[in-house]
Amino acid sequence: GKVGILFRYKDINNHYGLLFDYSDKANNVKLYKKTEGSLNIVKAKFLDIVEATWYRYDIYLDYNNIRITVQMGEIRENKQIFNTSITGIQRGTIAL
């Protein structure tokens, strides 16, 4: 299955998102940008996510930079998963 968090959300065709795709065994976490209905993967990676386990994700937006961390592991350590520049969509809300 898939689940996601949307941010800088203007509408269904214009936003950024963090997508968790459990069917993708190579890159199950994807940072993407959707503009004018066209979806582009900004960054992707594999995280060892265990089903039925709670994780805390933090999304930091600073103008044209985004940093995403996740708490995981025995000591619930914050691990950075993405840190990159983003452009295009400057404002918006959040959505699930």
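The lining of the largest pocket in this predicted model consists, by class, of ten nonpolar, two polar and one charged residues. The pocket itself has a volume of about 160 Å³. Of the 13 residues that line it, Val3, Phe20, Tyr22, Tyr55 and Tyr57 are the closest to its centre. Strand S1, which covers residues 2–11, contributes the largest share of this lining, namely three residues.

From the pocket the description turns to the strands, beginning with S6. Strand S6 spans residues 65–72 and is mostly covered, since six of its eight residues are buried. On one side of the pairing scheme stands strand S5, residues 56–62, which runs antiparallel to S6 and is joined to it by seven bridges. Within this pair, Leu61 has Ile66 of S6 as its bridge partner. S6 also pairs with strand S7, residues 77–85, again in the antiparallel sense and over eight bridges. Here Asn65 is matched with Ser85 of S7 as its bridge partner.

Both pairings form hairpins, and each contains a residue with a positive phi. Between S5 and S6 there are two residues, and in this hairpin Tyr63 takes a positive phi near 55 degrees. Between S6 and S7 there are four residues, and in that hairpin Gly73 takes a positive phi near 95 degrees.

The sign of these angles deserves a comment. Most residues other than glycine have a negative phi. Tyr63 is not a glycine, yet its phi is positive, at about 55 degrees. This residue is found in the loop between S5 and S6. Tyr63 counts as exposed because its relative accessibility is 69%, and the cut-off for that class is over 50%. Glu36 offers a further case: it too is not a glycine and has a positive phi, of about 50 degrees. Glu36 lies in the loop between S3 and strand S4, the latter comprising residues 38–45. With a relative accessibility of 71%, Glu36 is therefore classed as exposed.

The interior presents another picture. In soluble globular proteins, nonpolar side chains tend to be buried together. The largest nonpolar core of this model has 17 residues, and those with the most contacts inside it are Leu18, Val29, Leu47, Ile68, Ile81 and Phe82. Strand S2 (14–21), strand S3 (29–35), S6 and S7 each supply at least two residues of this core. The most comes from S6, which gives four residues. The mostly covered strand described above is thus also the one that gives the most to the core.

Leu18 shows how one core residue is surrounded. When residues up to four places away in sequence are not counted, Leu18 touches Val3, Gly4, Ile5, Phe7, Val29, Lys30, Leu31, Tyr32, Ile68 and Phe82. Three of the names in this set, Val29, Ile68 and Phe82, appear again with Leu18 among the residues with the most contacts inside the core.

Tyr16 lies in strand S2. Its relative accessible area is 1%, so Tyr16 is buried, the limit for that class being under 20%. Leaving aside neighbours within four places in sequence, Tyr16 is in contact with Ile5, Leu6, Phe7, Arg8, Tyr32, Lys33, Ile86, Thr87, Gly88 and Ile89. A separation of 9.6 Å is found between the C-alpha atoms of Tyr16 and Asn40, which are 24 residues apart along the chain.

Methods. Residues are numbered from 1 along each chain as its sequence is written. This is a predicted model: local features need pLDDT of at least 70, side-chain atom pairs count only at pLDDT 80 or more; totals for chains, interfaces and linings use all residues. Side-chain values use heavy atoms; hydrogens and water are left out. On a 1 Å grid over the protein atoms alone, a cavity is a set of points where a 1.4 Å probe fits but cannot get out, and a pocket is an open set with protein on both sides within 12 Å along at least five of seven lines; lining residues have an atom within 4 Å of a point. Grid points are joined across faces, edges and corners, and a volume is the space filled by probe spheres set on the points. Ala, Val, Leu, Ile, Met, Phe, Trp, Tyr, Cys and Pro count as nonpolar, Asp, Glu, Lys and Arg as charged, and the others, Gly among them, as polar. Buried means under 20% relative accessible area, exposed over 50%, partly exposed in between (1.4 Å probe, protein chains only). Two strands pair if DSSP finds at least two bridges between them. A nonpolar core is a set of buried Ala, Val, Leu, Ile, Met, Phe, Trp, Tyr and Cys residues joined through side-chain atoms within 4.5 Å. Contact means heavy atoms within 4.5 Å.
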